[in-house]
Amino acid sequence: MTSKGGRGRDWRQIGFVAPAILWTVAFFVLPFLVMAVMSLWSLTGPGIDHTPTLDNYRQFFANASYFQAMINSLEVTAIVTLVSIVLAYPLAWILAERVPERWQRLALALAILPFWTSYVVRSYSWLLVLAEKGVVNNALVAIGLLSEPVQLANTRFATVLGFVHFFVMLLTLTIFANLKQLSPSYRKAAADLGAGPIQVFFHVVLPLTLPGIMVGAFLTFVLAIGDYITPQILGGNNELLMPQLIMLQIGRRGDFPLASALSILLMIVVSIAYMACARWLRLERA
């Protein structure tokens, strides 16, 4: 039989988590349910037909440009994630292993400076740098590597560059945290058993820091595949990504049901990515 003290503790525990549950229900569960229901409606001439249908989902797979937008988003996000990992790991290792302890806080503060700048301002700054008469083209023409400017802005390269500039620092922080948690005794034990520096890295350090890599990679994937600002500013309209396609349905056509269906499909892709990375996304290991 449950005592009064036990029931009191249960109510207190419920009270502690209730605000978080209410917040999640109000700002995630309910909007998601509304979007899911709306995705089953259809846009007609006079307005929205509330008869349930899967036509919006069929339209996505039947329309080659819609399906290609998803492929473009996956390709760009995969490139951004891989490049960010390759650049972030050496930077995190230098911060954790080569920068003296007393300077690490300052180094981390400098590393996260991009987070202090407005996302829109940062994207427009890259647009100016990569423009036809921007810093990069002027420098390459001045030193003779190019005879005339090339198009760098409004390309996939510009979109990837803008994303990497931001997300490489996010990955650096997650990998740095894992490297700092790694006990030196593991490397010493491997060295005592005859392992060289390269073997120690690939067989000890890399596997033990993989959770930090995967956490950062998943965050990069989620934020990049759903971002609208960077592709719109740096990529222009030369290559359509899913966030741009969704905004086109809302801004130009007012087709909220189709936009909802496209958003649901994008969330399904993110969910699949989460399930693929779930074994590494445990907070106690990150």
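This is a short tour of the structure above, from the whole chain down to single residues.

**Before you start.** The model is predicted, so local features need pLDDT of at least 70 and side-chain atom pairs count only at pLDDT 80 or more, while totals for chains, interfaces and linings use all residues. Residues are numbered from 1 along each chain as its sequence is written, and side-chain values use heavy atoms, with hydrogens and water left out.

**Stop 1: the whole protein.** Show the cartoon. You will find 12 helices and 2 strands. These are DSSP runs, numbered from the N terminus: helices are H or I, at least four residues, and strands are E, at least two. Start at the N terminus and follow the chain: one helix comes first, then both strands, then the other helices. The radius of gyration is 24 Å, well over the 19 Å that the globule rule gives for 286 residues, so the protein is more spread out than a compact globule. That radius is taken over C-alpha atoms, and the rule is 2.2 Å times the number of residues to the power 0.38. Turn the C-alpha trace: along its principal axes it spans about 85 × 75 × 35 Å.

**Stop 2: buried residues.** Of the 286 residues, 37% are buried. Buried means under 20% relative accessible area, exposed over 50%, and partly exposed in between (1.4 Å probe, protein chains only).

**Stop 3: the largest nonpolar core.** Select V80, F163, F167, I175 and L179. In this core of 34 residues, they touch the most other members. A nonpolar core is a set of buried Ala, Val, Leu, Ile, Met, Phe, Trp, Tyr and Cys residues joined through side-chain atoms within 4.5 Å. Now colour helix 3 (64–98), helix 4 (101–111), helix 7 and helix 9 (197–225): each supplies at least two residues of this core. Helix 7 gives the largest share, 12 residues.

**Stop 4: F163.** Which residues does F163 touch, not counting those up to four places away in sequence? They are V76, V80, Y119, A224, D227, T230 and P231. Contact means heavy atoms within 4.5 Å.

**Stop 5: another core.** Apart from the largest core lies another, of 22 residues. Select A69, F218, M242 and L265, which are among them.

**Stop 6: N154.** Go to the loop between helix 6 (135–142) and helix 7 (156–181); N154 lies there. Its phi is near 60°, a positive value in a residue other than glycine. Most residues other than glycine have a negative phi. Is N154 buried or partly exposed? At 31% relative accessibility, N154 counts as partly exposed.
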